[in-house]
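Colleague: I am new to this structure and would be grateful for a close look at a single part of it, namely a place where two elements pack together. Please set that part in its wider context as well.

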Amino acid sequence: MTIARRLGDRLDRPYSLALVRIVSAGLSVISALLLSRALGQAGRGEAAAAIAIVSLMPIVLGLGVPLVVRRQAAFDDGIERLVRTVRFFAGLLVLPSAVIGLAVAFTVLQSLDTPARLVFVLSASSSPIAFLWLCNANLFIAQGRSGVFALTNLIPVVFYVALVVAGHFLGALSVSFAISANWMGSVATLIFTTLMARVGLRGSRHKLGSTVSEGVKYSGGQIAEAASYRLDQAMALPLAGAFQAGLYSVAAMASLIPLALGQALGTASFRLIATAPREEQRNEAIIQLLRSATFFSLAMAGAMAIATPVFVPTVFGAEFVGAVIPTLIALGGSVPLVIAYVGSTALTALGRSWALTVTQLSGVLVNVLALVILAPRYGAIGLAAASAVGYFIGALVCLRSLPVRSVECVPGVADLRPSMNLLLRRTSP
């Protein structure tokens, strides 16, 4: 076996994705630290809000098409024609991306200075770039290419952090610099995923209308899922102000770290659930997925909560001591967040698009309502509490939508070994 083949065999396992996401989180701490000290809490809050909105736009405009790619690729159903259709559709998204970017720049992000606002509009106009690599990433998930999907998650973070570090040494860090660095990471990711997708530019395509029509069924769920990770940071700026948004950005970043294990477990189980020949086999896979997600998320969130009171002020500085309590609250929401994520992955594998939409929208609507009520009065603490409540409701509705009983998904000591096996087994054919 060649070295390259051995490396590929090692990478094509779910744990590689979990490790990459944790490494990415560590790198993000570096960039967050440098930006926080260079821009202050207010500037950090503005940058976080702008990047959150840019991250949401390709998912909103994509109309669920990335999940169509994932579903059809699981069955290897004319995937090359579908990828070409996706590329054509991306070209149609440039104009609406620019219009939305302009509208947001002069409303939600009106506190940005002129250079930052200009860079934001340019970045938002390039949303089709992120849309394309999101579709490629969903292709890799369905094909069980955990190693390639892991690298897809790592590349944008590496580019972003490297540029922020360079900006730090050059004394060039600003809100506009942070938005530009995020955009460059997205471009690099598109180049990598396009090469890895191995689909030529020429050839036949699926009908665009049928592809978008199928995607719309999943769009509500996908948009709501993305909003549950990013909308809180986008709303934090207008609801709580730049200072509190900056504190909350630390908590939000921490709360998403346990999601790395959920993504790894979901990637490991998606194809198995989607192609299971018997209902009993499918339900068994769903139960094990949920047990593993609960087990690992409790362990990671608990360990992070213990370290938070010392870690946050030590790393970010005494001025960020106000982020400790919001971070602890946000970590309490990490467990239902991971459960909701893997449950939504199972719903996608089952083709239950409307159940997915109801699940995700329930959590987001509760989250938004709680944000409006709590954020103006309680600042970062209110933002964290609102997100935790939204995650809990989303997880509860998701469990009710799956074809298994919730009580069956409670993990025990005996689930440690099968949970580890799920992370360690090879996923690619």
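Modeller: Let me begin with one residue that illustrates the vocabulary. V358 has a relative accessibility of 47% and therefore counts as partly exposed (buried is under 20% relative accessible area, exposed is over 50%, and partly exposed lies in between, with a 1.4 Å probe and protein chains only). The model is predicted, with pLDDT of at least 70 needed for local features and 80 or more for side-chain atom pairs, while totals for chains, interfaces and linings use all residues. Residues are numbered from 1 along each chain as its sequence is written, and side-chain values rest on heavy atoms, without hydrogens or water.

V358 belongs to helix α15, which covers residues 353–401 (helices are DSSP runs of H or I with at least four residues, strands are runs of E with at least two, and both are numbered from the N terminus). Its C-alpha atom is separated by 8.4 Å from that of C398, although the two residues are 40 apart along the chain. The protein chain as a whole holds 16 helices and zero strands, and 57% of its 429 residues count as buried. Of the contacts between residues at least 6 apart in sequence, 86% join residues at least 24 apart (contact means heavy atoms within 4.5 Å).

The part to examine closely is the packing of α7 against α9. Helix α7 spans residues 127–142 and helix α9 residues 175–197; their axes come within 9 Å and cross at roughly 40° (axes are lines fitted to C-alpha atoms, for helices over the stretch in contact, with angles from 0 to 180 degrees between N-to-C directions). α7 is therefore oblique to α9 (under 35 degrees is roughly parallel, over 145 roughly antiparallel, 65 to 115 roughly perpendicular, and the rest oblique). On the side of α7, the contact is made by I129, A130, L132, W133, N136, L139 and F140. The partners from α9 are W183, S186, V187, T189, L190, T193, T194, M196 and A197. Together the residues of this contact comprise eleven nonpolar, five polar and no charged (Ala, Val, Leu, Ile, Met, Phe, Trp, Tyr, Cys and Pro are nonpolar; Asp, Glu, Lys and Arg are charged; the others, Gly among them, are polar).

Each of the two helices also has links elsewhere. S176, in α9, is buried at a relative accessible area of 17%. Apart from neighbours within four places in sequence, S176 is in contact with P115, A116 and V119.

For α7, the link concerns aromatic rings. The whole structure contains two aromatic pairs (rings of Phe, Tyr and Trp, the last by its six-membered ring, with centres within 6.5 Å; planes under 30 degrees apart are stacked, over 60 edge-to-face, the rest tilted). One is the edge-to-face pair of F89 and F131, with 5.7 Å centre to centre and 75° between the planes. Because F89 lies in helix α4 (residues 79–92) and F131 in α7, this pair ties together parts 42 residues apart in sequence. F89 is buried, at 8% relative accessible area, and F131 is buried too, at 0%. The other pair, F295 and F296, is edge-to-face as well, with 5.6 Å centre to centre and 80° between the planes. F295 is partly exposed at 26%, whereas F296 is buried at 10%.
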